[in-house]
Amino acid sequence: MTFMEKLYIPAIIKGMLVTFRHILKRRKTIKYPEETREFAPVYRGMHVLKRDEQGRENCTACGLCAVACPAEAITMTSAERTKEQKDLYREEKYASMYEINMLRCIFCGLCEEACPKEAIFLTDRLVPTQFERGEFIYGKDKLVESKEHRIDIPKRQFKGKRSTI
Ligand code: SF4
Ligand code: SF4
């Protein structure tokens with residue numbers, strides 16, 4: 001080691017130059033959660049089970065989404081609609097129980113593609129973090145949109161045949 005090297009001065013100067021170079025550069029990080037990034041148009045996040053214009057649930061519990069799901073994340077139980085329930089469900093059959101295990105889901109969107117009733121969509125919402133595994137089982141209480149607060153479907157789903165929802 002030379003005398004200068006023993007003083008670590010060149011190494012310190014080199015390190016400081018790297019620091020100063022980065023000070024002048026634009027930050028690549030953001031202050032999450034105060035700031036959030038805009039998602040890509042093709043982003044697929046948390047599911048929503050949609051209602052029609054009259055507020056009735058679109059899902060008819062046909063099970064096609066569950067069959068299409070490669071992660072076997074969807075389970076449901078079907079029931080027959082009664083006369084009194086005509087305002088609640090669009091079809092004669094409906095899902096009395098519908099669950100998605102968000103820990104299994106890989107957000108591939110195949111359930112959305114398989115659905116013939118335009119009932120399930122993946123939105124641009126994030127699945128919130130939880131401490132317990134059981135809290136990631138999302139039932140109808142979390143999946144079906146409320147009549148008062150409809151959930152927007154991202155633009156990517158409006159391409160092609162889906163243009164009137
Ligand atoms: S997004 Fe894919 S993995 Fe998730 S529930 Fe739908 S089909 Fe299954
Ligand atoms: S969400 Fe669609 S595919 Fe799945 S059970 Fe309901 S109607 Fe069938």
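This tour moves through a predicted model, from a helix to a sheet, then to the core and the two ligands. Local features were taken only where pLDDT is at least 70 and side-chain atom pairs only at pLDDT 80 or more, while totals for chains, interfaces and linings use all residues. Residues are numbered from 1 along each chain as its sequence is written, and chains are lettered from A and ligands numbered from 1 in the order in which they are written.

Begin by selecting residues 9-24, helix α2; helices (H or I, at least four residues) and strands (E, at least two) are DSSP runs numbered from the N terminus. The end C-alpha atoms of α2 are 23 Å apart, which agrees with the 22 Å that its 16 residues should span at 1.5 Å a residue, the expected span being 1.5 Å times one less than the number of residues. Colour α2 by burial and the count of buried residues is zero, where buried asks for 20 or more other C-beta atoms, placed from the backbone, within 10 Å of the residue's own.

Next, select the open sheet, whose three strands lie in the order β2-β3-β5 with antiparallel pairing; two strands pair if DSSP finds at least two bridges between them. Its edge strands, each pairing on one side only, are β2 (74-80) and β5 (137-138). Between β2 and β3 (residues 93-101) there are seven bridges: look for threonine 77 opposite methionine 97, and for glutamate 80 opposite lysine 93. On the β5 side, β3 pairs over two bridges, and isoleucine 100 has tyrosine 138 as its bridge partner.

From the sheet, turn to the largest nonpolar core, which has 20 residues, with Leu49, Cys59, Cys65, Ile74, Cys111 and Ile120 among those with the most contacts inside it; such a core is a set of buried Ala, Val, Leu, Ile, Met, Phe, Trp, Tyr and Cys residues joined through C-beta atoms within 7 Å. Two or more residues each come from β1 (47-49), β3 and β4 (120-122), and β3 gives the largest share, four residues.

Finally, show the ligands with their surrounding residues, taken as those whose C-beta atom, placed from the backbone, lies within 6 Å. Around ligand 1 there are 15 residues, the closest being Cys69, Cys105, Cys108, Leu110 and Cys111. Ligand 2 has 13 residues around it, of which Cys59, Cys62, Cys65, Cys115 and Ile120 come nearest.

Terms used:
A residue is buried if 20 or more other C-beta atoms lie within 10 Å of its own, exposed if 12 or fewer, and partly exposed in between; C-beta atoms are placed from the backbone.
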